[in-house]
Amino acid sequence: MESAGRTQAARDRVPRIDPYGFERPEDFDYAAYEEFFSAYLVVLTRRAIKWSKLLKGGGSVQKSMTVKRYIRKGIPLEHRARVWMGVSGAQAQMDRNPGYYQRLLEGERDSRLEEAIRTDMNRTFPDNVRFRKGADPCLQRTLYNVLLAYGHHNRDVGYCQGMNFVAGYLILMTESEEESFWLLDTLVGSILPDYYSPSMLGLKTDQEVLGELVRTRLPAVAALMDRHGVPWTLVVSRWFLCLFVDVLPVETVLRIWDCLFSEGSKVIFRVALTLIKRHQSFILEASSFTDICEKFREITKGSFVTECHTFMQKIFSEPGSLSAARIARLREHCRARLLARG
């Protein structure tokens with residue numbers, strides 16, 4: 001009874017809708033979240049003071065060892081858009097191309113592109129009150145514009161499912177169509193090349209790279225996957241394609257993205273390896289194809305991923321060294337293997 005009382009009291013104190021507009025699910029653990037957030041609030045307050053001093057005076061944020069260290073410890077919400085724009089290079093691109101975004105929106109129409117984007121509008125964050133048609137303003141229109149402009153800008157990619165979720169998060173963070181467009185361009189064009197192209201070769205390559213990393217670092221898990229014939233793409237494609245959106249809790253995803261914009265795509269491998277390594281014994285309990293898939297869904301839930309500050313510390317310690325050179329070599333090897341398969 002006492003536990004139930006604590007849960008109800010926490011439910012009364014914690015808003016049903018989070019600060020980003022997402023409704024909390026029916027099985028949301030209010031008591032555990034309140035306990036975590038009361039401690040995390042202390043961290044956020046301390047980081048906010050440090051960031052305010054660092055960013056004093058305005059101007060674009062440039063990469064440095066200090067900025068990298070600060071980013072790994074989390075960017076306060078009020079500074080997140082500015083820091084992402086600065087460290088990713090999106091701000092420089094936007095400054096070099098004044099008026100370009102608006103010209104894209106006013107350019108020649110492409111009915112196939114428009115229809116593909118429109119089809120996904122109602123499927124994008126149905127659990128977020130700001131993306132519902134009745135919202136004022138409704139972010140569906142903003143999302144449509146960003147995706148349409150990007151489709152005109154990068155005709156090789158056009159529009160690919162998954163981009164809607166990524167662009168949606170960018171809009172929630174920046175509250176700016178143009179900034180969201182340039183951040184999306186940085187992700188799709190630079191940080192995650194060929195993830196969203198028609199062949200999705202970059203995405204398929206990186207899933208294979210994760211498989212190779214697991215094979216050398218967590219061989220028992222790799223052996224289990226091989227034994228039951230479970231392809232990596234089946235259990236991790238959403239991790240890579242949606243950058244953990246709708247996979248991990250919102251605040252944890254944003255902390256991952258802080259580092260993604262600063263340090264590049266190897267952060268995705270760090271997150272994936274940490275999840276698998278932390279839950280290795282749980283995964284190894286699986287005895288069938290279906291069981292393995294279910295275990296991979298389960299490891300993205302619970303306190304380990306909700307407590308985002310501790311989780312981010314783990315992704316930079318648990319997987320060990322993960323050099324850019326090693327990732328590049330593995331990508332070259334895996335890409336060649338995929339192309340040979342046809």
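## A buried threonine and the aromatic pairs

In this predicted model, Thr186 is buried, with a relative accessible area of 8%, a value that falls under the 20% limit for that class. Thr186 belongs to helix H10, which covers residues 177-191, and its side chain reaches the backbone oxygen of Trp182 at 2.9 Å. When neighbours within four places in sequence are left aside, Thr186 is in contact with Ser88, Ala90 and Ile191.

Turning to the aromatic residues, the count comes to 29 aromatic pairs. One of them joins Trp84 and Trp257, whose ring planes stand at 45°, so the pair is tilted; that angle is neither under 30 degrees, as stacking would need, nor over 60, as edge-to-face would need. This pair links distant parts of the chain, since Trp84 lies in helix H4 (residues 77-88) and Trp257 in helix H14 (residues 250-263), 173 residues apart. Both Trp84 and Trp257 are buried. Phe125 and Phe131 form an edge-to-face pair, and both of these residues are buried as well.

| Ring pair | Centre to centre | Angle between planes |
|---|---|---|
| Trp84 and Trp257 | 5.9 Å | 45° |
| Phe125 and Phe131 | 5.4 Å | 65° |

The residues of both pairs belong to a cluster in which ring pairs link Phe22, Trp84, Phe125, Phe131, Phe165, Tyr169, Trp257 and Phe261.

Charged side chains also sit over aromatic rings: Arg72 lies over the face of Phe316, at 3.7 Å from the ring centre, while the charged end of Lys295 is placed over the ring of Phe282, 4.1 Å from its centre.

Technical notes: Residues are numbered from 1 along each chain as its sequence is written. This is a predicted model: local features need pLDDT of at least 70, side-chain atom pairs count only at pLDDT 80 or more; totals for chains, interfaces and linings use all residues. Side-chain values use heavy atoms; hydrogens and water are left out. Helices (H or I, at least four residues) and strands (E, at least two) are DSSP runs, numbered from the N terminus. Buried means under 20% relative accessible area, exposed over 50%, partly exposed in between (1.4 Å probe, protein chains only). A polar contact is a pair of N or O atoms within 3.5 Å; within protein, one must be able to donate a hydrogen and the other to accept it, and residues adjacent in sequence count only if both atoms are side-chain atoms. Contact means heavy atoms within 4.5 Å. Rings of Phe, Tyr and Trp (its six-membered ring) pair if their centres lie within 6.5 Å; planes under 30 degrees apart count as stacked, over 60 as edge-to-face and the rest as tilted. A charge sits over a ring if NZ of Lys or CZ of Arg is within 6 Å of the ring centre and within 35 degrees of the ring normal.
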